[in-house]
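Open the model in your viewer and keep the sequence panel beside it. We will go from stop to stop, selecting a few residues each time.

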Amino acid sequence: MNNNIKGFAYGIVTSATFGLIPLFTLPLMGKGMQFDSILFYRFLFAAIALTGIMTYRKESFHIDKREIPVLILLGFFYTASAMFLFWGYNFMSAGIATTLHFTYPIFVTLIMLLFFREKTSWITMLAIALAICGVARLSINEGELRLSVLGVFIVLLSTVGYALYITTVNKSRVHAMTGRKLTFYVFIVSTCLFAIKASTNEGIQPIPDTMSVVNLILLAIVPTVISNITLIQAVHNIGGTLTTVLGAMEPVTAVFVGVLVFGEPFTFNLATGILLIIITVTMIILSKTIQKAMKEIRRKLQELQRFLLQLFNKLVDAL
């Protein structure tokens with residue numbers, strides 16, 4: 001199969017599987033499980049699954065001791081992102097929460113701008129303005145707040161956590177580490193952090209029934225292990241930019257799950273907000289490509305202008 005076709009397939013699977021988080025999470029919350037316990041089991045089972053995969057593929061678990069502090073920091077950011085996203089499900093529909101979470105490339109751009117002095121463009125600034133409009137469209141209905149301000153803030157904290165995770169991976173010494181090994185150790189740290197957090201509350205809850213065991217295993221495998229493995233394959237085949245663009249399937253999948261499975265309302269405001277946020281993220285990811293294309297268009301127009309001017313001058317001389 002052509003590498004581009006495989007890459008697009010992996011990219012779609014990545015975003016679609018990640019968008020299935022609510023499908024396995026909401027029934028667990030309905031059974032009375034707290035998100036600390038849900039996430040503890042999620043990352044524990046995911047780490048066990050990755051252990052099996054890496055052992056089968058004879059991949060090394062060795063890490064340099066200098067990488068340990070970075071992995072702990074990455075685990076902290078990943079834990080914060082997962083925790084705030086799940087907490088956000090208590091304030092709004094899973095589809096809206098996932099859509100807000102999808103704005104993470106905007107926060108990656110802002111972090112790179114503020115802390116690494118990376119240059120930005122008018123396209124990026126326009127995209128950020130559109131993102132604000134998209135969030136407002138999701139939150140406000142006929143002049144009245146439809147979503148909890150606290151809920152939106154909590155989900156955006158999830159987004160910031162994920163943006164910090166991505167930025168740290170790209171700017172730290174673990175950048176060259178294989179994706180599966182990096183993910184494995186991040187999951188180990190996340191499991192430990194959620195165990196500690198749960199112990200400060202009611203402790204880790206027992207799994208209530210067999211169906212909950214199934215949902216936890218599927219939560220660990222489908223939107224956690226599979227999405228991370230296919231993400232690596234997608235980036236390898238088509239690059240990070242196109243892979244992130246294909247991430248637009250993530251909020252779409254979550255909204256469809258919410259509407260079709262859990263009966264969440266699908267409104268014009270929701271559709272408009274999702275569309276604005278998807279357009280925004282795509283603009284940011286493709287900003288350099290768009291700028292290059294616009295420069296090329298300007299050059300072609302200037303060439304056309306010169307040609308027409310020369311043609312006009314020749315006609316005048318002929319007359």
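The tour below starts with confidence, then visits a helix, the cores and some salt bridges.

**Before you start**

This is a predicted model: local features need pLDDT of at least 70, side-chain atom pairs count only at pLDDT 80 or more, and totals for chains, interfaces and linings use all residues. Residues are numbered from 1 along each chain as its sequence is written, and side-chain values use heavy atoms, with hydrogens and water left out.

**Stop 1: colour by confidence**

pLDDT is the predictor's confidence in each residue, from 0 to 100. The protein chain averages 84, and 92% of its residues score at least 70. Where is confidence lowest, and where highest? Select strand E2 (residues 144–145) for the lowest, with a mean of 56. Then select H3 for the highest, at 95. Helices (H or I, at least four residues) and strands (E, at least two) are DSSP runs, numbered from the N terminus.

**Stop 2: helix H6**

Select residues 104–115. Helix H6 has twelve residues. From its first C-alpha to its last it reaches 16 Å, close to the 16 Å expected at 1.5 Å a residue. The expected span is 1.5 Å times one less than the number of residues.

Which residues of H6 are buried? They are Tyr104, Pro105, Ile106, Val108, Thr109, Ile111 and Met112. Buried means under 20% relative accessible area, exposed over 50%, and partly exposed in between (1.4 Å probe, protein chains only). After H6 comes Arg117, with a positive phi near 55°.

**Stop 3: the nonpolar cores**

A nonpolar core is a set of buried Ala, Val, Leu, Ile, Met, Phe, Trp, Tyr and Cys residues joined through side-chain atoms within 4.5 Å. The largest one holds 65 residues. Select Leu74, Tyr165 and Leu182, which touch the most other members. Helices that each supply at least two residues of this core include H2 (21–30), H4 (68–88) and H8 (149–171).

Now centre on Leu182. Leaving out residues up to four places away in sequence, Leu182 touches Leu71, Leu74, Tyr165, Val169, Val174 and Met177. Contact means heavy atoms within 4.5 Å.

A second, separate core has seven residues, among them Ile123, Ile128, Ala131 and Met283.

**Stop 4: Leu270**

Find Leu270 in helix H12 (residues 268–285). Leu270 is buried, at 4% relative accessible area. Draw a distance to Val135, C-alpha to C-alpha: 9.7 Å. In sequence the two are 135 residues apart.

**Stop 5: salt bridges**

How many salt bridges does a search of the whole structure find? The total is seven. A salt bridge is a side-chain nitrogen of Lys or Arg within 4 Å of a carboxyl oxygen of Asp or Glu.

- Select Asp36 and Lys197. Their closest N and O atoms are 3.1 Å apart. Asp36 is in helix H3 and Lys197 in helix H9, 161 residues apart. Asp36 is buried, at 6%, whereas Lys197 is partly exposed, at 31%.
- Select Glu59 and Arg180. Their side chains meet at 2.8 Å, N to O. Glu59 lies in the loop between H3 and H4 and Arg180 in helix H9, so the pair ties together parts 121 residues apart in sequence. Both Glu59 and Arg180 are buried.
- Select Glu296 and Arg299. Their salt bridge is 2.5 Å, N to O. Both lie in helix H13 (residues 287–318), three residues apart, about one turn of the helix. Glu296 is partly exposed, at 35%, and Arg299 is partly exposed, at 37%.

Finally, add Arg57 to Glu59 and Arg180. Salt bridges that share partners join Arg57, Glu59 and Arg180 into one network.
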